[in-house]
Amino acid sequence: MKRLIIGAMALSLAACGSGTPPAKTARSTAKPDVVSQVAAVRAAGVNGNELQVQPLRDPQVEDLRAQAEAHEARREIKQASATLDRALVLSPGDPDLLQWQAELALLGRGWLVAEQRANDSFQNGPRLGGLCRRNWTTIAFAREGRGDAAGAAVARGQVDSCTVAPPVRM
């Protein structure tokens, strides 16, 4: 109990500063961990409460998706993106492919491209569900990467609007 009280006192004393603003934190100058960001984007798309409908895909596009996946696994981001470009020729405007390109752009710290591709995916996609959450999470990270904290906050606020509650079953 004494340790808890002493720890609380130490924290409260530390909070009483001299009134001078703190120096820039390491977070403001450090490069974002883009691998963690992409993992967070992909995790945002997972939700067990939703029905996911996937269209039938062209076998050529599936082959290109497999190639892009292999390139990404080897951290060959430019090759993965080029492969997705070829897939988009066969399936123009495919929201899943556009979102994947946005995620690859995040890995390469291409903030403007990441935001644009995620927005294109959103415009062409269902605007609900997992893909929608991935779109807005990507946009938030891209804006954050450019230093647009207010824009990132707006994008994060949109993520919740992508989830539709399932109907009440009685």
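## A tour from tryptophan 100 outward

Start by selecting tryptophan 100 in this predicted model. Setting aside neighbours within four places in sequence, tryptophan 100 is in contact with Arg42, Arg65, Ala68, Glu69, Glu72 and Leu84.

Next, select the nonpolar core to which Trp100 belongs. This is the largest nonpolar core, with 21 residues, and Trp100 is listed with Leu84, Leu97, Leu104 and Leu106 as having the most contacts inside it. Colour the helices that feed this core: α3 (34-44), α4 (59-73), α5 (77-90), α6 (95-107), α7 (111-124) and α8 (129-145) each contribute at least two residues. The biggest share comes from α6, which gives 7 residues.

A second core, separate from this one, has 10 residues. To find it, select Ala118, Trp136, Ala140 and Cys162, which are among its members.

Now show α6 and α7 alone. Their axes lie 8 Å apart, and the two helices pack at an angle of about 165°. The pair is therefore roughly antiparallel. Viewed as a crossing, α6 and α7 are left-handed.

To see the contact itself, select these two groups:

- from α6: Pro95, Leu98, Gln99, Gln101, Ala102, Ala105 and Leu106
- from α7: Trp111, Val113, Ala114, Arg117, Ala118, Asp120, Ser121 and Asn124

Colouring this contact by residue class gives 9 nonpolar, 4 polar and 2 charged residues. Two names recur from the cores: Leu106, on the α6 side of the contact, is listed for the largest core, while Ala118, on the α7 side, is included in the second core.

Move on to arginine 143, in helix α8. Is this arginine buried or exposed? Its relative accessibility is 17%, so arginine 143 counts as buried; the cut-off for buried is under 20%. Apart from neighbours within four places in sequence, the residues in contact with arginine 143 are Glu115, Asp148, Gly151, Ala152, Val154 and Ala155. For one of these, Val154, draw a C-alpha to C-alpha distance from arginine 143: the two are 9.8 Å apart in space and 11 residues apart in sequence.

Finally, zoom out to the whole chain. The secondary structure consists of 9 helices and 0 strands, in the order α-α-α-α-α-α-α-α-α along the sequence. Of the chain's 170 residues, 35% count as buried. Where contacts join residues at least 6 apart in sequence, 63% of them link residues at least 24 apart.

How values were computed:
Residues are numbered from 1 along each chain as its sequence is written. This is a predicted model: local features need pLDDT of at least 70, side-chain atom pairs count only at pLDDT 80 or more; totals for chains, interfaces and linings use all residues. Side-chain values use heavy atoms; hydrogens and water are left out. A nonpolar core is a set of buried Ala, Val, Leu, Ile, Met, Phe, Trp, Tyr and Cys residues joined through side-chain atoms within 4.5 Å. Buried means under 20% relative accessible area, exposed over 50%, partly exposed in between (1.4 Å probe, protein chains only). Helices (H or I, at least four residues) and strands (E, at least two) are DSSP runs, numbered from the N terminus. Contact means heavy atoms within 4.5 Å. Axes are lines fitted to C-alpha atoms, for helices over the stretch in contact, and angles run from 0 to 180 degrees between N-to-C directions. Angles under 35 degrees count as roughly parallel, over 145 as roughly antiparallel, 65 to 115 as roughly perpendicular and the rest as oblique. A crossing is left-handed if the near helix is turned anticlockwise from the far one by less than a right angle, and right-handed if clockwise. Ala, Val, Leu, Ile, Met, Phe, Trp, Tyr, Cys and Pro count as nonpolar, Asp, Glu, Lys and Arg as charged, and the others, Gly among them, as polar.
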